[in-house]
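Dear colleague,

I am handing over the structure we spoke about, and you will find it just below. After it I have set out what was found, one region at a time.

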Amino acid sequence: MRERPIGLFDVRYRAFLETVSDIRAQLHRYCARMTGSRLDGEDLMQETLFEAYMKIETLDEAHRLKSWLFRIAHNRCIDFLRRRDARERAESTYSDDIGVVVAEPAASDARRAIERLVGSLPPKERACVLLKDVFDYSLEETAELVDSTVGGVKAALSRGRAKLAGLPAEPTGEPSRPLDPDTALLLQRYVDLFNRHDWDGVRGLTSADARLRVADCFDGLLRNSPYFVEYEKNTEPWTMEFGAIDGEPVLLVLFQQGDLWRVAWPVRVHVVGGIIDRIEDYYACPWVIGNASEADLELMAGSVVSQGG
């Protein structure tokens, strides 16, 4: 079995990513809505692609690649939800004996609303509604992907659709996850130094073995990466701000377009014991911001920022 690429990703993995490039945005949408976080969804999508890359020889029919990837993504999402105990809490009252409630599938113009509301459903209902009503999988295909029966999918769809029909038209949004004051001050210091291109100062805020992951580009120790050089080389006007996406505090990179500053991508910075131990940069993943509404992206000061386009 091949080892996972470390540092600059190897050419075979990049070639695989090019092969599945047209599927990646859909995989991200699914993972993001299953987890309730665009960034967690991106991380799970990356794990999905690497697992598929490692097992590609086991796929017999090339035309089943998309369904195969969705099956891997679904399993990754369920594992993620189990790890944070969300599935057990959400499905504590679940029973296969619950009767089927009559409910119609959503019209196509309601799919965006469905995507924003499905986070309120238990994982099985969430998955069935997404796969059937948003991604247009058949009942049989959905049953295969979620490891259920057609009857089980119909029941989950009816329950999920009925619950969604009773929700407000607009979601209430993710609860904010405030940082402790010391972490907030550290991240603001990071932003200030980053915008001044004071790379030595930035490095001074990180641990000696801090790790960096830039999707599709690099995964390894920060000190072995060309990370800051890439920002330094960018000649377009850009700035970094302390903000939030889906209620999660992150750093947002903005580029100037005319008189406006638009969000281009988020950066996750992990702090442990008052020092930065990991950075995750999503600059190579435009779909993370591309389908975000203004309500999903905010500066910490509270003003809404424009999304990239």
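In which strand does Arg-213 lie? Please keep in mind throughout that this is a predicted model. Arg-213 belongs to strand β2, which covers residues 206-214, and because its relative accessibility is 16%, below the 20% cut-off, this arginine counts as buried. Its side chain makes a polar contact, at 2.3 Å, with the side chain of Asp-43. Leaving aside residues up to four places away in sequence, Arg-213 touches Asp-43 and Gln-46, then Phe-218 and Asp-219, and finally the run of Ile-279, Glu-280, Asp-281 and Tyr-282.

The next region concerns two helices. The axes of helix α7 (residues 123-134) and helix α9 (residues 150-165) come within 8 Å and cross at roughly 95°; since angles from 65 to 115 degrees count as roughly perpendicular, that is how α7 and α9 are described. On the α7 side the contact involves Lys-124, Glu-125, Cys-128, Val-129, Lys-132 and Asp-133, and these meet residues of α9 that include Val-153, Ala-156, Leu-157 and Arg-161. Sorted by class, the contact between α7 and α9 has six nonpolar, two polar and seven charged residues.

Within α9, Val-153 may be a useful residue to look at. Val-153 counts as buried because its relative accessibility is 0%, and, again not counting residues up to four places away in sequence, it touches Cys-128, Leu-139, Thr-142, Ala-143, Val-146 and Ser-148. The C-alpha atoms of Val-153 and Lys-132 are separated by 9.2 Å, although the two residues are 21 residues apart along the chain.

Last come the aromatic residues, for which the structure holds 19 aromatic pairs. One of them joins Phe-194 and Tyr-231 in an edge-to-face arrangement, with 4.9 Å centre to centre and 90° between the planes. This pair links distant parts of the chain, as Phe-194 sits in helix α10 (residues 181-195) and Tyr-231 in helix α12 (residues 227-233), 37 residues apart. Phe-194 counts as buried at 0% relative accessibility, and Tyr-231 is likewise buried, with a relative accessible area of 8%. Both rings belong to a cluster linked by ring pairs, whose members are Tyr-190, Phe-194, Trp-199, Tyr-227, Phe-228, Tyr-231, Trp-238, Phe-255, Trp-265 and Tyr-283.

With best wishes

Terms used
Residues numbered from 1 in each chain as written. Predicted model: local features only at pLDDT ≥ 70, side-chain atom pairs only at ≥ 80, totals over all residues. Heavy atoms only, no water. Helix = DSSP H or I, 4+ residues; strand = E, 2+ residues; numbered from the N terminus. Buried < 20%, exposed > 50% of the residue type's maximum accessible area, 1.4 Å probe, protein only. Polar contact = N/O pair within 3.5 Å; in protein donor to acceptor, adjacent residues only side chain to side chain. Contact = heavy atoms within 4.5 Å. Axes fitted to C-alpha atoms, helices over the stretch in contact; angles between N-to-C directions. Parallel < 35°, antiparallel > 145°, perpendicular 65-115°, else oblique. Nonpolar A, V, L, I, M, F, W, Y, C, P; charged D, E, K, R; others polar. Phe/Tyr/Trp six-rings, centres within 6.5 Å; stacked < 30°, edge-to-face > 60°.
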